[in-house]
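Colleague: I should like to go through the sheet of this model and the helices that pack on it. May we begin with the structure itself?

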Amino acid sequence: MKLEDIKVVGICGSGTMGSGIAQVCAQSGYKVILYDISDEALSRGLNIIKKSLSRIVSKGKMTQEEADAIAGGIKTTKDLNSLKDSDIVIEAVFEDMS
């Protein structure tokens, strides 16, 4: 698979790292499917992304419309099977050793 063949990026984990990866991928024009195990985790991840995009908008480096389109390009799911149509999947799951 070539880089230009990648259209959909699946990301497992919506914490700080996963949400950051999701944002960068969405800003780069990829469709993003963000997976986590709970609605709370997904909501926190989307809030991290929206705050980050808001800071970029406030600095004048992006319009609010662009930020909204980027955030809108990130779909969330609690169903791991939703990642099956991803061209690539990135794992960024919190590791709880206990």
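Colleague: In what order do the four strands of the open sheet lie?

Modeller: In this predicted model, the pairing within the open sheet is parallel. β1 pairs with β2 (residues 31-35) over five bridges, and with β4 (residues 88-91) over four bridges. The order of the four strands is β3-β2-β1-β4.

Colleague: Which strands stand at the edges, each with a single partner strand?

Modeller: An edge strand has a single partner, so one side of it is left without a neighbour in the sheet. The strands in this position are β3 (74-77) and β4.

Colleague: What is the average twist from one strand to the next?

Modeller: The value refers to the sheet with the order β3-β2-β1-β4. From each strand to the next, the twist averages 20 degrees.

Colleague: Which strands does α1 touch as it packs on the sheet?

Modeller: Helix α1 (residues 16-27) belongs to a right-handed β-α-β unit together with β1 and β2. Its direction makes about 165 degrees with that of β2. The strands touched by α1 are β1, β2, β3 and β4.

Colleague: Which residue in β2 stands opposite Cys12?

Modeller: Strand β1 (residues 8-12) has five of its five residues buried. Cys12 points one way from β1 with Val8 and Gly10, while Val9 and Ile11 point the other way. Val9 stands opposite Val32 in β2, and the bridge partner of Gly10 in β4 is Val89. Opposite Cys12, in β2, stands Tyr35.

Terms used:
Residues numbered from 1 in each chain as written. Predicted model: local features only at pLDDT ≥ 70, side-chain atom pairs only at ≥ 80, totals over all residues. Heavy atoms only, no water. Buried < 20%, exposed > 50% of the residue type's maximum accessible area, 1.4 Å probe, protein only. Helix = DSSP H or I, 4+ residues; strand = E, 2+ residues; numbered from the N terminus. Pairing = 2+ DSSP bridges. Right-handed = clockwise from strand over helix to strand, strands pointing away. Axes fitted to C-alpha atoms, helices over the stretch in contact; angles between N-to-C directions. Contact = heavy atoms within 4.5 Å.
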